[in-house]
Amino acid sequence: MTVENIKSKAAVVAGVKASEAAVISELALPRGAFPHYRRAGDLVFVSGTSSRRQDGTFEGAEVDAMGVTKLDIKAQSRAVIRNIGEILRHAGLALSDVVEVSVFLVNMNDFGGFNEVWAEFFGENGPTRTTVAVHQLPHPLLLVEMKAIAFDPK
């Protein structure tokens with residue numbers, strides 16, 4: 001597992017890194033100059049995450065030879081949550097440590113399908129959540145993006 005720190009070494013407070021940011025080479029690289037996650041004290045902030053795979057393709061998005069697209073909100077939602085789980089794993093955490101999620105849907109008609117997948121991973125005692133509709137995401141094949149905050153009392 002290779003985690004490349006961004007910028008200089010983090011400050012250390014009482015033996016715990018007070019701030020740390022990382023880009024994880026085993027995952028799809030961020031589409032800009034920002035980390036997959038940043039640790040700030042007991043909190044880990046996960047940057048906006050999509051269903052993009054390391055090879056640049058998108059789970060839940062197919063384009064046939066004629067250019068016709070088939071987009072699947074459930075497959076994309078599962079992939080996003082799994083990708084967040086992988087980012088957290090690299091930070092030493094799990095989905096069960098997530099306390100808040102912001103969800104960005106391109107179309108609120110996908111809200112029901114998204115909620116079905118959400119319930120596969122989280123229950124009523126899971127993280128708080130805000131879901132909003134956005135005009136578009138960074139790629140036209142994306143239906144959903146999420147960012148998360150996890151709690152890591154060390």
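## Glu 86 and its surroundings

Glu 86 is partly exposed, with 29% relative accessible area. In this predicted model, Glu 86 sits in helix α1. The C-alpha atom of Glu 86 is 9.5 Å from that of Glu 26, although 60 residues separate the two along the chain.

Glu 86 also takes part in a salt bridge with Arg 89, where the side chains come to 2.9 Å, N to O. Because Arg 89 and Glu 86 are 3 residues apart in helix α1, about one helical turn lies between them. Arg 89 is partly exposed as well, at 43% relative accessibility.

## The chain as a whole

The chain contains 2 helices and 11 strands. In sequence order, these elements run β-β-β-β-β-β-β-β-α-β-α-β-β. Of the 154 residues in the chain, 40% are buried.

The accessible surface of the chain is about 8,600 Å², and carbon and sulfur atoms account for 54% of that surface. When contacts between residues at least 6 apart in sequence are considered, 63% of them join residues at least 24 apart.

## A buried leucine in a loop

Leu 27 belongs to the loop that runs between β4 (19–24) and β5 (37–40). Leu 27 counts as buried because its relative accessibility is 14%, and the cut-off for buried is under 20%.

Setting aside neighbours within four places in sequence, the residues in contact with Leu 27 are His 36, Gln 54, Glu 86 and Ile 87. Glu 86, one of these contacts, is the helix α1 residue described at the start. The C-alpha atom of Leu 27 is also 8.0 Å from that of Asn 83, and the two positions lie 56 residues apart along the chain.

## How the two helices pack

Helix α1 covers residues 73–90 and helix α2 covers residues 111–121; the two pack at an angle of about 35 degrees, and their axes are 8 Å apart. The crossing of α1 past α2 is right-handed. On the α1 side, the contact is made by Ile 73, Lys 74, Ser 77, Arg 78, Ile 81 and Arg 82. On the α2 side, the contributing residues are Gly 113, Phe 114, Glu 116, Val 117, Trp 118, Glu 120 and Phe 121.

Glu 116 of helix α2 is partly exposed, with a relative accessible area of 46%. The C-alpha atoms of Glu 116 and Lys 74 are 7.8 Å apart, with these positions 42 residues apart along the chain. Both Glu 116 and Lys 74 are listed among the residues that make the helix contact.

## Salt bridges

The structure holds 6 salt bridges. One of them pairs Arg 78 with Glu 120, whose closest N and O atoms are 2.9 Å apart. Arg 78 is in helix α1 and Glu 120 in helix α2, so this pair ties together parts of the chain 42 residues apart in sequence. Arg 78 is partly exposed at 27% relative accessible area, and Glu 120 is partly exposed at 47%.

Another salt bridge joins the side chains of Arg 82 and Glu 59, at 2.5 Å from N to O. This pair also links distant parts of the chain, 23 residues apart: Arg 82 is in helix α1, and Glu 59 is in the loop between β6 and β7 (61–63). Arg 82 is partly exposed at 39% relative accessibility, and Glu 59 is partly exposed with a relative accessible area of 24%. Arg 82 and Arg 78 both appear among the α1 residues in contact with α2.

## A nonpolar patch on the surface

Leu 43, Phe 45, Val 99 and Phe 151 form a nonpolar patch on the surface. Together these residues have about 300 Å² of accessible area. Phe 45 comes from strand β6, which spans residues 43–49. Phe 45 counts as partly exposed because its relative accessible area is 33%, which falls between the limits of 20% and 50%.

Methods. Residues are numbered from 1 along each chain as its sequence is written. This is a predicted model: local features need pLDDT of at least 70, side-chain atom pairs count only at pLDDT 80 or more; totals for chains, interfaces and linings use all residues. Side-chain values use heavy atoms; hydrogens and water are left out. Patches are made of residues with over 30% relative accessible area and no salt bridge: like charges are joined within 9 Å, nonpolar side chains (Val, Leu, Ile, Met, Phe, Trp, Tyr) within 5 Å. Accessible areas come from the Shrake-Rupley method with a 1.4 Å probe; for residues, only the protein chains shown count as cover. A salt bridge is a side-chain nitrogen of Lys or Arg within 4 Å of a carboxyl oxygen of Asp or Glu. Helices (H or I, at least four residues) and strands (E, at least two) are DSSP runs, numbered from the N terminus. Buried means under 20% relative accessible area, exposed over 50%, partly exposed in between (1.4 Å probe, protein chains only). Axes are lines fitted to C-alpha atoms, for helices over the stretch in contact, and angles run from 0 to 180 degrees between N-to-C directions. A crossing is left-handed if the near helix is turned anticlockwise from the far one by less than a right angle, and right-handed if clockwise. Contact means heavy atoms within 4.5 Å.
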